[in-house]
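Subject: Structure for your review

Dear colleague,

Please find the structure below, together with its sequence. My notes on it follow.

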Amino acid sequence: MENKNSREKIKALECNTCRKLYFPPKYHCSQCDKSDFSEINLEGEGKVYSFTVIRMPFEEFVEEAPYTFAEVALDEGLVVPGRFTNEDEKDIKINARVSFVRYDSGVNWFKIR
Amino acid sequence: MRGVSVIGIGSTNFSVLGDMTLEEMAVRACDKAICEAGVDRKEIEAFFLGNYVSGVLLRQETLAPMVAYSLGLNEDIAAIKVEGACCSSSIGLRLGYLLIASGVHDVVLVAGAEKMTSESTPRVTRALAAAMDPVSEIHTGFTYPGYFALIANRYIHEYGATMEQFAMVSVKNHKNSVNNPRARFRHQVSLEDVVNSRLVADPLKLYDCCPISDGSAALVLCASERAKEYTKKPIEIIGSGIGRGYRTTHETINERGTILSLPATVAAAKQAFEMANLKPGDVDVVELHDCFTIAEIVDSEDLGFFERGEGAQAVEKGITEVDGKIPINPSGGLISKGHPVGATGCGQAFEIVKQLRGEHENQVKNAEIGLTHNAGGTGAICTAHIFRRGF
(Lines give C-alpha, C1' and ligand atoms only; values in the text may rest on other atoms or scores of the structure.)
Protein backbone atom coordinates (compact mmCIF):
# COMPACT_ATOMS: atom_id res chain seq x y z
CA MET A 1 0.00 0.00 0.00
CA GLU A 2 1.10 3.56 -0.61
CA ASN A 3 2.13 5.66 2.37
CA LYS A 4 -0.94 7.80 2.91
CA ASN A 5 1.06 10.82 4.06
CA SER A 6 3.19 10.95 0.96
CA ARG A 7 0.26 10.55 -1.41
CA GLU A 8 -0.71 13.60 -3.41
CA LYS A 9 -4.32 14.51 -3.97
CA ILE A 10 -6.20 15.07 -7.20
CA LYS A 11 -6.57 18.75 -7.92
CA ALA A 12 -10.04 19.79 -9.01
CA LEU A 13 -11.85 23.07 -9.54
CA GLU A 14 -14.99 23.80 -7.54
CA CYS A 15 -17.39 26.52 -8.62
CA ASN A 16 -17.67 28.96 -5.71
CA THR A 17 -21.32 29.65 -6.57
CA CYS A 18 -22.93 26.28 -7.35
CA ARG A 19 -20.19 23.88 -6.12
CA LYS A 20 -20.02 21.96 -9.39
CA LEU A 21 -16.69 20.13 -9.75
CA TYR A 22 -14.44 20.19 -12.80
CA PHE A 23 -11.22 18.49 -13.77
CA PRO A 24 -9.03 21.40 -14.97
CA PRO A 25 -8.89 23.39 -17.07
CA LYS A 26 -12.24 25.20 -16.78
CA TYR A 27 -12.74 28.95 -16.81
CA HIS A 28 -16.50 29.38 -16.78
CA CYS A 29 -19.08 27.26 -14.97
CA SER A 30 -21.41 25.53 -17.42
CA GLN A 31 -24.03 25.09 -14.71
CA CYS A 32 -24.38 28.58 -13.20
CA ASP A 33 -22.52 30.82 -15.69
CA LYS A 34 -20.10 32.20 -13.10
CA SER A 35 -16.30 32.31 -13.47
CA ASP A 36 -15.13 32.04 -9.89
CA PHE A 37 -13.48 28.75 -8.90
CA SER A 38 -11.48 27.40 -5.98
CA GLU A 39 -8.80 24.78 -6.38
CA ILE A 40 -9.57 21.87 -4.08
CA ASN A 41 -8.00 18.48 -3.35
CA LEU A 42 -9.92 15.25 -3.83
CA GLU A 43 -9.11 11.97 -2.07
CA GLY A 44 -9.35 10.05 -5.32
CA GLU A 45 -11.16 6.85 -4.29
CA GLY A 46 -13.40 5.55 -7.05
CA LYS A 47 -14.17 2.92 -9.63
CA VAL A 48 -13.41 2.28 -13.29
CA TYR A 49 -16.11 3.73 -15.59
CA SER A 50 -14.47 2.29 -18.70
CA PHE A 51 -10.98 1.32 -19.83
CA THR A 52 -8.86 0.27 -22.78
CA VAL A 53 -5.37 -1.01 -23.43
CA ILE A 54 -3.56 1.29 -25.86
CA ARG A 55 -1.42 -0.88 -28.15
CA MET A 56 -0.83 1.56 -31.03
CA PRO A 57 0.01 4.88 -29.40
CA PHE A 58 1.30 8.03 -30.96
CA GLU A 59 4.98 8.74 -31.31
CA GLU A 60 5.90 9.91 -27.79
CA PHE A 61 4.35 6.79 -26.20
CA VAL A 62 5.61 4.02 -28.50
CA GLU A 63 8.13 2.81 -25.90
CA GLU A 64 5.49 2.59 -23.14
CA ALA A 65 2.89 0.53 -25.02
CA PRO A 66 0.88 -1.45 -24.24
CA TYR A 67 -0.65 0.48 -21.33
CA THR A 68 -4.10 0.81 -19.81
CA PHE A 69 -6.07 4.05 -20.01
CA ALA A 70 -9.25 4.48 -18.00
CA GLU A 71 -11.92 6.94 -17.07
CA VAL A 72 -12.32 6.76 -13.29
CA ALA A 73 -15.57 7.77 -11.56
CA LEU A 74 -14.49 9.23 -8.22
CA ASP A 75 -16.73 8.72 -5.18
CA GLU A 76 -16.54 12.52 -4.78
CA GLY A 77 -18.57 12.94 -7.96
CA LEU A 78 -16.12 13.63 -10.76
CA VAL A 79 -14.90 11.49 -13.66
CA VAL A 80 -11.19 11.86 -14.49
CA PRO A 81 -8.80 10.16 -16.93
CA GLY A 82 -5.99 8.04 -15.59
CA ARG A 83 -3.39 5.32 -15.91
CA PHE A 84 -2.49 2.50 -13.49
CA THR A 85 0.64 1.78 -11.51
CA ASN A 86 -0.24 -1.92 -11.33
CA GLU A 87 -0.90 -3.36 -14.75
CA ASP A 88 -2.58 -6.70 -14.04
CA GLU A 89 -5.06 -7.10 -16.87
CA LYS A 90 -7.34 -9.52 -15.07
CA ASP A 91 -7.98 -6.96 -12.32
CA ILE A 92 -8.82 -4.06 -14.59
CA LYS A 93 -12.51 -4.18 -15.35
CA ILE A 94 -15.47 -1.85 -15.27
CA ASN A 95 -16.47 -1.01 -11.66
CA ALA A 96 -13.11 -2.22 -10.26
CA ARG A 97 -12.27 -0.16 -7.15
CA VAL A 98 -9.25 2.10 -7.54
CA SER A 99 -7.28 4.58 -5.42
CA PHE A 100 -5.40 7.66 -6.55
CA VAL A 101 -1.64 7.38 -6.15
CA ARG A 102 -0.09 10.51 -7.62
CA TYR A 103 -0.27 13.20 -10.29
CA ASP A 104 2.82 13.31 -12.42
CA SER A 105 3.52 15.29 -15.62
CA GLY A 106 -0.14 15.65 -16.49
CA VAL A 107 -1.11 12.06 -15.64
CA ASN A 108 -3.38 10.82 -12.85
CA TRP A 109 -1.88 7.53 -11.61
CA PHE A 110 -4.27 5.11 -9.91
CA LYS A 111 -3.83 1.75 -8.23
CA ILE A 112 -6.28 -1.14 -8.58
CA ARG A 113 -7.35 -2.16 -5.07
CA MET B 1 -34.74 30.39 -46.65
CA ARG B 2 -34.69 29.15 -50.23
CA GLY B 3 -33.93 25.69 -51.56
CA VAL B 4 -30.37 24.50 -52.16
CA SER B 5 -29.37 21.65 -54.47
CA VAL B 6 -26.25 19.71 -55.35
CA ILE B 7 -25.68 20.08 -59.10
CA GLY B 8 -22.26 18.47 -59.51
CA ILE B 9 -20.00 16.04 -57.65
CA GLY B 10 -16.39 14.96 -57.98
CA SER B 11 -14.02 12.73 -56.08
CA THR B 12 -10.64 11.10 -56.20
CA ASN B 13 -10.40 7.54 -54.97
CA PHE B 14 -10.11 7.28 -51.17
CA SER B 15 -6.92 5.31 -51.25
CA VAL B 16 -3.16 5.55 -51.10
CA LEU B 17 -2.45 8.39 -53.51
CA GLY B 18 1.29 8.50 -52.99
CA ASP B 19 2.12 10.37 -56.18
CA MET B 20 -0.43 13.16 -55.67
CA THR B 21 0.09 16.27 -53.58
CA LEU B 22 -2.72 17.48 -51.36
CA GLU B 23 -3.27 20.39 -53.76
CA GLU B 24 -3.53 18.06 -56.75
CA MET B 25 -6.09 15.82 -55.02
CA ALA B 26 -8.29 18.79 -54.16
CA VAL B 27 -7.98 20.26 -57.67
CA ARG B 28 -8.83 16.91 -59.33
CA ALA B 29 -11.97 16.42 -57.21
CA CYS B 30 -13.12 20.04 -57.59
CA ASP B 31 -12.50 20.04 -61.34
CA LYS B 32 -14.65 16.93 -61.72
CA ALA B 33 -17.46 18.50 -59.72
CA ILE B 34 -17.31 21.77 -61.68
CA CYS B 35 -17.23 19.97 -65.05
CA GLU B 36 -20.05 17.63 -64.05
CA ALA B 37 -22.18 20.58 -62.96
CA GLY B 38 -21.44 22.30 -66.24
CA VAL B 39 -21.02 25.55 -64.36
CA ASP B 40 -18.63 28.29 -65.50
CA ARG B 41 -16.03 28.44 -62.72
CA LYS B 42 -16.32 32.23 -62.77
CA GLU B 43 -19.87 31.80 -61.44
CA ILE B 44 -18.58 30.26 -58.20
CA GLU B 45 -19.07 32.84 -55.45
CA ALA B 46 -17.45 31.09 -52.47
CA PHE B 47 -15.20 28.09 -51.83
CA PHE B 48 -14.90 26.12 -48.58
CA LEU B 49 -12.23 23.45 -48.30
CA GLY B 50 -12.34 21.04 -45.35
CA ASN B 51 -9.01 19.78 -44.05
CA TYR B 52 -7.80 18.70 -40.63
CA VAL B 53 -4.17 17.63 -40.28
CA SER B 54 -2.22 19.21 -43.14
CA GLY B 55 -0.79 21.86 -40.83
CA VAL B 56 0.67 19.32 -38.41
CA LEU B 57 1.53 16.54 -40.85
CA LEU B 58 2.57 18.39 -44.01
CA ARG B 59 3.29 21.87 -42.60
CA GLN B 60 0.93 23.28 -45.18
CA GLU B 61 -1.89 25.65 -44.28
CA THR B 62 -3.98 28.26 -46.13
CA LEU B 63 -4.99 25.56 -48.57
CA ALA B 64 -8.16 27.07 -49.95
CA PRO B 65 -6.65 30.11 -51.76
CA MET B 66 -3.95 27.83 -53.19
CA VAL B 67 -6.53 25.42 -54.60
CA ALA B 68 -8.79 28.27 -55.71
CA TYR B 69 -5.96 29.73 -57.78
CA SER B 70 -5.19 26.34 -59.30
CA LEU B 71 -8.85 25.95 -60.21
CA GLY B 72 -9.08 29.41 -61.78
CA LEU B 73 -11.72 30.71 -59.40
CA ASN B 74 -12.32 34.45 -59.16
CA GLU B 75 -10.14 36.64 -56.96
CA ASP B 76 -13.07 38.42 -55.33
CA ILE B 77 -14.45 35.38 -53.47
CA ALA B 78 -14.04 33.85 -50.03
CA ALA B 79 -11.72 30.82 -50.34
CA ILE B 80 -11.46 29.43 -46.83
CA LYS B 81 -10.15 26.29 -45.18
CA VAL B 82 -12.64 24.83 -42.70
CA GLU B 83 -11.42 22.77 -39.73
CA GLY B 84 -13.44 20.66 -37.32
CA ALA B 85 -11.34 17.51 -36.99
CA CYS B 86 -12.86 14.60 -38.94
CA CYS B 87 -16.02 16.69 -39.46
CA SER B 88 -14.23 19.44 -41.40
CA SER B 89 -15.71 19.22 -44.89
CA SER B 90 -19.33 18.73 -43.82
CA ILE B 91 -19.00 22.00 -41.89
CA GLY B 92 -18.01 23.57 -45.21
CA LEU B 93 -21.04 21.92 -46.79
CA ARG B 94 -23.24 23.51 -44.14
CA LEU B 95 -21.64 26.95 -44.62
CA GLY B 96 -22.19 26.74 -48.36
CA TYR B 97 -25.76 25.60 -47.81
CA LEU B 98 -26.45 28.55 -45.46
CA LEU B 99 -24.97 31.14 -47.83
CA ILE B 100 -27.20 29.98 -50.67
CA ALA B 101 -30.30 29.36 -48.53
CA SER B 102 -30.01 32.89 -47.14
CA GLY B 103 -29.79 34.40 -50.62
CA VAL B 104 -26.23 35.74 -50.35
CA HIS B 105 -24.88 33.52 -53.15
CA ASP B 106 -26.28 31.33 -55.93
CA VAL B 107 -23.33 28.97 -56.56
CA VAL B 108 -20.81 27.71 -53.99
CA LEU B 109 -18.08 25.06 -54.24
CA VAL B 110 -17.46 22.90 -51.14
CA ALA B 111 -14.78 20.25 -50.84
CA GLY B 112 -12.54 18.34 -48.49
CA ALA B 113 -9.03 16.99 -48.95
CA GLU B 114 -6.55 15.08 -46.82
CA LYS B 115 -3.15 13.49 -47.38
CA MET B 116 -2.17 11.05 -44.62
CA THR B 117 -0.53 7.89 -45.93
CA SER B 118 2.84 9.56 -46.59
CA GLU B 119 3.42 9.71 -42.82
CA SER B 120 3.99 6.97 -40.20
CA THR B 121 1.04 5.65 -38.17
CA PRO B 122 2.39 7.03 -34.83
CA ARG B 123 2.77 10.49 -36.44
CA VAL B 124 -0.72 10.38 -37.92
CA THR B 125 -2.15 9.15 -34.59
CA ARG B 126 -0.45 12.10 -32.84
CA ALA B 127 -1.73 14.59 -35.42
CA LEU B 128 -5.29 13.31 -35.08
CA ALA B 129 -5.04 13.54 -31.27
CA ALA B 130 -4.73 17.32 -31.63
CA ALA B 131 -8.54 17.43 -31.36
CA MET B 132 -8.24 16.32 -27.72
CA ASP B 133 -7.28 18.30 -24.63
CA PRO B 134 -3.48 18.57 -24.54
CA VAL B 135 -3.24 18.57 -20.74
CA SER B 136 -5.55 15.85 -19.51
CA GLU B 137 -5.67 13.43 -22.42
CA ILE B 138 -2.67 13.75 -24.72
CA HIS B 139 -0.17 13.68 -21.80
CA THR B 140 -1.89 10.53 -20.60
CA GLY B 141 -1.28 8.78 -23.92
CA PHE B 142 -4.90 8.67 -25.04
CA THR B 143 -5.71 8.05 -28.71
CA TYR B 144 -8.83 8.08 -30.90
CA PRO B 145 -8.97 4.29 -31.16
CA GLY B 146 -8.71 4.42 -27.35
CA TYR B 147 -11.72 6.74 -27.11
CA PHE B 148 -13.93 4.44 -29.15
CA ALA B 149 -12.55 1.45 -27.23
CA LEU B 150 -13.81 3.05 -23.99
CA ILE B 151 -17.23 3.35 -25.63
CA ALA B 152 -17.05 -0.27 -26.83
CA ASN B 153 -16.21 -1.68 -23.40
CA ARG B 154 -18.92 0.37 -21.73
CA TYR B 155 -21.47 -0.60 -24.41
CA ILE B 156 -20.70 -4.28 -23.84
CA HIS B 157 -20.99 -3.72 -20.07
CA GLU B 158 -24.35 -1.94 -20.22
CA TYR B 159 -26.09 -3.78 -23.05
CA GLY B 160 -24.42 -7.18 -23.18
CA ALA B 161 -23.35 -6.75 -26.82
CA THR B 162 -20.59 -8.92 -28.27
CA MET B 163 -17.44 -8.25 -30.27
CA GLU B 164 -18.93 -10.50 -32.96
CA GLN B 165 -21.83 -8.06 -33.32
CA PHE B 166 -19.35 -5.17 -33.68
CA ALA B 167 -17.35 -7.24 -36.18
CA MET B 168 -20.48 -7.64 -38.33
CA VAL B 169 -20.30 -3.89 -39.06
CA SER B 170 -16.84 -4.41 -40.55
CA VAL B 171 -17.93 -7.49 -42.52
CA LYS B 172 -20.92 -5.58 -43.95
CA ASN B 173 -18.94 -2.45 -44.82
CA HIS B 174 -16.14 -4.40 -46.49
CA LYS B 175 -18.75 -6.30 -48.53
CA ASN B 176 -20.37 -2.99 -49.52
CA SER B 177 -17.18 -1.47 -50.89
CA VAL B 178 -16.31 -4.38 -53.19
CA ASN B 179 -18.29 -2.65 -55.94
CA ASN B 180 -17.26 0.91 -55.04
CA PRO B 181 -14.40 2.01 -57.32
CA ARG B 182 -13.58 4.91 -54.97
CA ALA B 183 -12.98 2.63 -51.98
CA ARG B 184 -9.68 1.94 -50.25
CA PHE B 185 -10.55 -1.74 -49.77
CA ARG B 186 -12.27 -3.84 -52.45
CA HIS B 187 -12.08 -7.23 -50.72
CA GLN B 188 -14.47 -8.98 -48.36
CA VAL B 189 -13.49 -10.00 -44.84
CA SER B 190 -15.00 -12.79 -42.75
CA LEU B 191 -16.19 -12.56 -39.17
CA GLU B 192 -13.15 -14.65 -38.21
CA ASP B 193 -10.82 -12.25 -40.04
CA VAL B 194 -12.16 -9.36 -37.95
CA VAL B 195 -12.23 -11.01 -34.53
CA ASN B 196 -8.81 -12.60 -35.09
CA SER B 197 -7.10 -9.43 -36.30
CA ARG B 198 -4.59 -7.84 -33.93
CA LEU B 199 -5.65 -5.62 -31.06
CA VAL B 200 -5.28 -1.87 -31.55
CA ALA B 201 -7.04 -0.60 -28.39
CA ASP B 202 -8.80 -3.34 -26.42
CA PRO B 203 -11.38 -4.54 -27.30
CA LEU B 204 -11.07 -2.99 -30.78
CA LYS B 205 -9.06 -4.90 -33.35
CA LEU B 206 -7.50 -3.78 -36.61
CA TYR B 207 -10.60 -4.52 -38.72
CA ASP B 208 -12.77 -2.62 -36.23
CA CYS B 209 -10.84 0.51 -37.27
CA CYS B 210 -10.95 2.68 -40.38
CA PRO B 211 -7.74 2.92 -42.44
CA ILE B 212 -5.49 5.96 -42.78
CA SER B 213 -6.24 7.23 -46.29
CA ASP B 214 -5.70 9.96 -48.86
CA GLY B 215 -8.45 11.55 -50.89
CA SER B 216 -10.62 14.46 -51.86
CA ALA B 217 -14.30 14.98 -52.66
CA ALA B 218 -16.19 18.05 -53.89
CA LEU B 219 -19.74 19.28 -54.47
CA VAL B 220 -21.13 22.23 -56.40
CA LEU B 221 -24.12 23.72 -54.60
CA CYS B 222 -26.67 25.93 -56.33
CA ALA B 223 -29.92 27.70 -55.49
CA SER B 224 -32.64 25.14 -56.32
CA GLU B 225 -34.50 27.70 -58.44
CA ARG B 226 -31.52 27.73 -60.83
CA ALA B 227 -30.47 24.08 -60.52
CA LYS B 228 -32.34 22.91 -63.61
CA GLU B 229 -30.22 25.30 -65.73
CA TYR B 230 -27.31 22.95 -65.02
CA THR B 231 -28.59 19.45 -64.41
CA LYS B 232 -31.55 17.16 -65.01
CA LYS B 233 -30.82 15.41 -61.72
CA PRO B 234 -30.54 17.98 -58.92
CA ILE B 235 -30.38 16.61 -55.39
CA GLU B 236 -31.91 18.94 -52.82
CA ILE B 237 -30.48 19.55 -49.36
CA ILE B 238 -33.59 19.68 -47.18
CA GLY B 239 -32.04 19.51 -43.72
CA SER B 240 -28.77 20.70 -42.20
CA GLY B 241 -27.87 20.40 -38.54
CA ILE B 242 -24.77 20.94 -36.43
CA GLY B 243 -23.95 20.62 -32.76
CA ARG B 244 -20.99 20.87 -30.45
CA GLY B 245 -20.08 18.31 -27.85
CA TYR B 246 -17.03 18.05 -25.61
CA ARG B 247 -13.29 18.20 -26.11
CA THR B 248 -12.57 15.34 -23.73
CA THR B 249 -14.10 12.03 -22.75
CA HIS B 250 -14.33 12.91 -19.05
CA GLU B 251 -16.12 16.19 -19.87
CA THR B 252 -18.68 14.22 -21.86
CA ILE B 253 -19.29 11.80 -18.99
CA ASN B 254 -19.32 14.56 -16.35
CA GLU B 255 -21.77 16.73 -18.29
CA ARG B 256 -23.99 14.06 -19.86
CA GLY B 257 -23.63 11.08 -17.53
CA THR B 258 -22.77 8.64 -20.31
CA ILE B 259 -20.18 7.88 -22.95
CA LEU B 260 -22.67 5.91 -25.07
CA SER B 261 -23.97 8.92 -26.99
CA LEU B 262 -22.44 11.84 -28.86
CA PRO B 263 -24.63 14.78 -27.80
CA ALA B 264 -23.54 16.75 -30.87
CA THR B 265 -24.93 14.01 -33.13
CA VAL B 266 -28.25 14.09 -31.31
CA ALA B 267 -28.40 17.89 -31.64
CA ALA B 268 -27.44 17.87 -35.32
CA ALA B 269 -29.95 15.15 -36.19
CA LYS B 270 -32.76 16.90 -34.33
CA GLN B 271 -32.17 20.11 -36.29
CA ALA B 272 -31.89 18.35 -39.64
CA PHE B 273 -35.02 16.25 -39.16
CA GLU B 274 -37.03 19.26 -37.96
CA MET B 275 -35.89 21.35 -40.90
CA ALA B 276 -36.78 18.57 -43.35
CA ASN B 277 -40.01 17.80 -41.49
CA LEU B 278 -39.07 14.12 -41.57
CA LYS B 279 -38.39 11.38 -39.05
CA PRO B 280 -35.71 8.67 -39.05
CA GLY B 281 -38.15 6.12 -40.51
CA ASP B 282 -38.47 8.25 -43.67
CA VAL B 283 -34.79 7.87 -44.59
CA ASP B 284 -33.97 5.37 -47.38
CA VAL B 285 -30.17 5.38 -47.23
CA VAL B 286 -27.56 6.53 -44.71
CA GLU B 287 -23.85 7.32 -44.81
CA LEU B 288 -22.71 7.77 -41.20
CA HIS B 289 -19.43 8.20 -39.34
CA ASP B 290 -18.20 4.62 -38.77
CA CYS B 291 -14.60 5.48 -37.91
CA PHE B 292 -14.79 2.34 -35.74
CA THR B 293 -17.35 -0.47 -35.71
CA ILE B 294 -18.75 0.66 -32.34
CA ALA B 295 -19.12 4.20 -33.75
CA GLU B 296 -21.56 2.97 -36.42
CA ILE B 297 -23.66 1.33 -33.71
CA VAL B 298 -23.74 4.34 -31.38
CA ASP B 299 -24.32 6.75 -34.29
CA SER B 300 -27.26 4.67 -35.55
CA GLU B 301 -28.86 5.04 -32.11
CA ASP B 302 -28.00 8.75 -31.75
CA LEU B 303 -29.55 9.45 -35.17
CA GLY B 304 -32.78 7.80 -34.05
CA PHE B 305 -32.75 4.73 -36.29
CA PHE B 306 -32.69 2.36 -33.30
CA GLU B 307 -33.47 2.48 -29.59
CA ARG B 308 -30.57 2.73 -27.12
CA GLY B 309 -28.75 -0.57 -26.86
CA GLU B 310 -30.39 -2.03 -29.96
CA GLY B 311 -27.94 -0.88 -32.62
CA ALA B 312 -25.73 -3.95 -32.29
CA GLN B 313 -28.65 -6.36 -32.68
CA ALA B 314 -29.86 -4.39 -35.71
CA VAL B 315 -26.56 -5.10 -37.46
CA GLU B 316 -26.79 -8.79 -36.57
CA LYS B 317 -30.34 -8.96 -37.97
CA GLY B 318 -29.22 -7.48 -41.29
CA ILE B 319 -31.41 -4.39 -40.96
CA THR B 320 -28.50 -2.15 -42.03
CA GLU B 321 -27.53 -4.17 -45.12
CA VAL B 322 -27.97 -2.62 -48.58
CA ASP B 323 -31.24 -4.53 -49.01
CA GLY B 324 -32.24 -4.08 -45.35
CA LYS B 325 -34.87 -1.78 -43.88
CA ILE B 326 -32.39 1.03 -43.23
CA PRO B 327 -29.21 0.60 -45.32
CA ILE B 328 -26.18 2.09 -43.56
CA ASN B 329 -22.90 2.84 -45.36
CA PRO B 330 -23.53 1.12 -48.71
CA SER B 331 -20.36 2.90 -49.90
CA GLY B 332 -18.27 0.83 -47.48
CA GLY B 333 -18.18 3.66 -44.96
CA LEU B 334 -15.08 5.01 -43.31
CA ILE B 335 -14.03 1.47 -42.38
CA SER B 336 -13.73 0.18 -45.93
CA LYS B 337 -14.18 3.10 -48.32
CA GLY B 338 -11.55 4.92 -46.26
CA HIS B 339 -11.23 7.98 -44.03
CA PRO B 340 -9.11 10.82 -45.38
CA VAL B 341 -10.36 12.79 -42.41
CA GLY B 342 -10.94 16.27 -43.82
CA ALA B 343 -12.51 14.86 -47.01
CA THR B 344 -14.90 12.39 -45.41
CA GLY B 345 -17.94 14.65 -44.96
CA CYS B 346 -18.03 15.65 -48.65
CA GLY B 347 -17.24 12.05 -49.59
CA GLN B 348 -20.36 10.89 -47.73
CA ALA B 349 -22.45 13.52 -49.53
CA PHE B 350 -20.95 12.39 -52.86
CA GLU B 351 -22.11 8.81 -52.17
CA ILE B 352 -25.62 9.89 -51.13
CA VAL B 353 -26.02 12.10 -54.22
CA LYS B 354 -25.15 9.11 -56.41
CA GLN B 355 -27.68 6.99 -54.51
CA LEU B 356 -30.49 9.52 -54.92
CA ARG B 357 -29.68 9.98 -58.61
CA GLY B 358 -30.04 6.20 -58.92
CA GLU B 359 -26.51 5.76 -60.26
CA HIS B 360 -24.59 4.24 -57.35
CA GLU B 361 -22.49 1.11 -57.87
CA ASN B 362 -24.16 -0.39 -54.78
CA GLN B 363 -27.61 1.08 -55.38
CA VAL B 364 -30.33 1.07 -52.72
CA LYS B 365 -33.60 0.47 -54.56
CA ASN B 366 -35.82 3.53 -55.06
CA ALA B 367 -33.77 5.70 -52.71
CA GLU B 368 -35.38 9.16 -52.47
CA ILE B 369 -34.26 10.42 -49.05
CA GLY B 370 -30.66 10.14 -47.84
CA LEU B 371 -28.84 11.20 -44.68
CA THR B 372 -25.18 11.92 -43.99
CA HIS B 373 -23.65 12.12 -40.53
CA ASN B 374 -20.10 13.31 -39.88
CA ALA B 375 -18.36 13.51 -36.49
CA GLY B 376 -15.20 15.27 -35.31
CA GLY B 377 -13.02 14.76 -32.24
CA THR B 378 -14.54 13.06 -29.21
CA GLY B 379 -17.90 14.09 -30.64
CA ALA B 380 -16.81 17.72 -30.33
CA ILE B 381 -18.48 18.70 -33.62
CA CYS B 382 -21.08 16.70 -35.50
CA THR B 383 -23.23 17.47 -38.52
CA ALA B 384 -26.24 15.82 -40.12
CA HIS B 385 -27.55 16.56 -43.61
CA ILE B 386 -30.70 15.26 -45.28
CA PHE B 387 -30.93 15.06 -49.06
CA ARG B 388 -33.90 14.46 -51.35
CA ARG B 389 -34.12 13.45 -54.99
CA GLY B 390 -35.08 16.69 -56.76
CA PHE B 391 -36.37 15.30 -60.05
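How much area do chain B and chain A bury between them? The figure is about 3,000 Å², and 59% of it falls on carbon and sulfur atoms. Please bear in mind throughout that this is a predicted model.

**The interface**

Chain B contributes 38 residues to the contact, and chain A contributes 34 residues. Three salt bridges are found across the interface of the two chains. One of the salt bridges in the model pairs A:Glu60 with B:Arg126, whose closest N and O atoms are 3.2 Å apart. In addition, 15 residue pairs are in polar contact across the interface, both residues being at pLDDT 80 or more. On the side of chain B that touches chain A, at least two residues each come from helix 5 (121-128), helix 6 (134-138), helix 7 (144-159), strand 5 (199-201) and helix 11 (249-256). Helix 7 of chain B gives the most, with seven residues. By type, the residues on this side of chain B comprise 12 nonpolar, 15 polar and 11 charged.

**Chain B as a whole**

Chain B contains 16 helices and 11 strands. Its C-alpha trace spans about 55 × 45 × 40 Å along the principal axes. The radius of gyration of chain B is 19 Å, which agrees with the value near 21 Å for a compact globule with 391 residues. Of these 391 residues, 64% count as buried. Among the contacts in chain B with a separation of 6 or more, 77% are between residues 24 or more positions apart.

**Salt bridges within chain B**

Over all chains, the structure holds 33 salt bridges. In one of them, B:Arg2 pairs with B:Asp106, with 2.7 Å between the closest N and O atoms. This pair links distant parts of the chain, 104 residues apart: B:Arg2 is in the segment before strand 1 (4-11), and B:Asp106 is in the loop between helix 4 (88-101) and strand 4 (107-114). B:Asp106 counts as partly exposed because its relative accessibility is 22%.

B:Arg357 and B:Glu36 also meet in a salt bridge, at 2.9 Å from N to O. B:Arg357 belongs to helix 16 (residues 344-357) and B:Glu36 to helix 1 (residues 22-37), so the pair ties together parts that are 321 residues apart in sequence. B:Arg357 is buried at a relative accessible area of 7%, whereas B:Glu36 is partly exposed at 38%.

A further salt bridge joins B:Glu351 and B:Arg182, at 2.9 Å from N to O. Here helix 16 of chain B, which holds B:Glu351, is linked to the loop between helix 8 and helix 9, which holds B:Arg182; the two residues are 169 residues apart. Both B:Glu351 and B:Arg182 are buried. Elsewhere, salt bridges that share partners form one network of B:Arg2, B:Glu43, B:Asp106, B:Glu225, B:Arg226 and B:Glu229.

**Two buried residues**

B:Ala183 lies in the loop between helix 8 (163-177) and helix 9 (191-195) and counts as buried at 7% relative accessibility. Beyond its neighbours within four places in sequence, B:Ala183 is in contact with B:Phe14, B:Ser177, B:Ser336 and B:Lys337.

B:Asn374 is found in strand 10 (residues 369-376) of chain B and is buried, at 1% relative accessibility. Its side chain reaches the backbone oxygen of B:Cys86 at 3.0 Å. Outside its neighbours within four places in sequence, the contacts of B:Asn374 include B:Ser88, B:His289, B:Gln348 and B:Thr383.

Yours sincerely

Conventions. Residues are numbered from 1 along each chain as its sequence is written. Chains are lettered from A and ligands numbered from 1 in the order in which they are written. This is a predicted model: local features need pLDDT of at least 70, side-chain atom pairs count only at pLDDT 80 or more; totals for chains, interfaces and linings use all residues. Side-chain values use heavy atoms; hydrogens and water are left out. Contact means heavy atoms within 4.5 Å. Buried area is the accessible area (1.4 Å probe) that two parts lose on being put together, summed over both. A salt bridge is a side-chain nitrogen of Lys or Arg within 4 Å of a carboxyl oxygen of Asp or Glu. A polar contact is a pair of N or O atoms within 3.5 Å; within protein, one must be able to donate a hydrogen and the other to accept it, and residues adjacent in sequence count only if both atoms are side-chain atoms. Helices (H or I, at least four residues) and strands (E, at least two) are DSSP runs, numbered from the N terminus. Ala, Val, Leu, Ile, Met, Phe, Trp, Tyr, Cys and Pro count as nonpolar, Asp, Glu, Lys and Arg as charged, and the others, Gly among them, as polar. Buried means under 20% relative accessible area, exposed over 50%, partly exposed in between (1.4 Å probe, protein chains only). The radius of gyration is taken over C-alpha atoms; the globule rule is 2.2 Å times the number of residues to the power 0.38.
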